[in-house]
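Student: Please give me a close look at one residue. Then walk me on through the pockets and the backbone.

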Amino acid sequence: MKFCSNCGSTVQLRVPAGDTLLRHTCVSCGSIHYENPKIVVGAIPEWEDRILLCRRAIDPRHGYWTLPAGFMENSETTAQAAARETLEEACARIEVGDMFTLINVPHISQVHIVYRARLLDLDFRPGEESLEVALFSEDEIPWDDIAFRTISLSLRRFFEDRRRGTFRFHEEDITAPPPDTI
Ligand code: ZN
């Protein structure tokens, strides 16, 4: 950040009074521009024993498979974000179910939330950000071509729980950052 979004003057990194961290602070109007983690929300759309995955048409991880997921927007709930992302990326309608995973990814300052969901019909197709959209049974999941570690972790937990016959909520942390992965 170089300029104040309030008055357009330059900003400097300073520790505000009573704070402990460096913040972008406007030299003119004094506005403090806090930066906080971003929330990514996705869904595991289920149809009988299969789940819906999208192949990414955008970077990062172009060509790799993922669950429908994306950054939460202002003024929406996490469940609404899951439904919106599924509609945008797979043109698919879902009924959002229970929150299934919450994964902290502190090295990139993100929190990823994945819901279980029921796919309402088979009328889906790739949205703008997807190359293809398809249903996969567990033994068809392209494990080596999953775009992000939070997605493969959520999928692993999903199939583990399904085999066990009970779904529970999983809070996880992904900390070690191999290069180019999320
Ligand atoms: Zn300012």
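**One histidine, then outwards**

Tutor: His33 counts as buried, because its relative accessibility is 13% and the cut-off for buried is under 20%. Keep in mind that this is a predicted model. His33 sits in strand 3, which covers residues 32–33. What does His33 touch, leaving out residues up to four places away in sequence? The list is Met1, Cys4, Ser5, Asn6, Val11 and His24.

Now the pockets. The largest pocket has a volume of about 310 Å³. It is lined by 19 residues. Closest to its centre are Arg56, Ala69, Gly70, Phe71 and Phe148. Which elements give two or more residues to this lining? They are strand 7 (69–71), helix 1 (78–90), strand 9 (110–119) and helix 2 (149–164). Find Ala69, Gly70 and Phe71 again: they belong to strand 7. Arg56 belongs to strand 5, which runs over 50–56. By class, this lining holds 9 nonpolar, 5 polar and 5 charged residues.

The second largest pocket has a volume of about 230 Å³. Two stretches of sequence line this pocket. One is Glu35, Asn36, Pro37, Lys38 and Ile39. The other is Phe71, Met72, Glu73 and Asn74. Lys38 and Ile39 fall in strand 4 (38–47). Phe71 is a link here: it lines the second largest pocket, and it is also among the residues closest to the centre of the largest one. The second lining splits into 4 nonpolar, 2 polar and 3 charged residues.

Step on to Ser75. It lies in the loop between strand 7 and helix 1. Both of those elements help line the largest pocket. Is Ser75 buried or exposed? Ser75 counts as exposed, because its relative accessibility is 83% and exposed means over 50%. Its phi is positive, about 65 degrees, although Ser75 is not a glycine.

Glu48 also has a positive phi, near 50 degrees, and it too is a residue other than glycine. Look for Glu48 in the loop between strand 4 and strand 5. With a relative accessible area of 67%, Glu48 is exposed.

One backbone detail is left. Follow strand 5 to its end, then enter the loop that leads to strand 6 (65–66). Pro60 lies in this loop. The peptide bond from Asp59 to Pro60 is cis, with omega near -5 degrees.

Note on methods. Residues are numbered from 1 along each chain as its sequence is written. This is a predicted model: local features need pLDDT of at least 70, side-chain atom pairs count only at pLDDT 80 or more; totals for chains, interfaces and linings use all residues. Side-chain values use heavy atoms; hydrogens and water are left out. On a 1 Å grid over the protein atoms alone, a cavity is a set of points where a 1.4 Å probe fits but cannot get out, and a pocket is an open set with protein on both sides within 12 Å along at least five of seven lines; lining residues have an atom within 4 Å of a point. Grid points are joined across faces, edges and corners, and a volume is the space filled by probe spheres set on the points. Helices (H or I, at least four residues) and strands (E, at least two) are DSSP runs, numbered from the N terminus. Ala, Val, Leu, Ile, Met, Phe, Trp, Tyr, Cys and Pro count as nonpolar, Asp, Glu, Lys and Arg as charged, and the others, Gly among them, as polar. Buried means under 20% relative accessible area, exposed over 50%, partly exposed in between (1.4 Å probe, protein chains only). Contact means heavy atoms within 4.5 Å.
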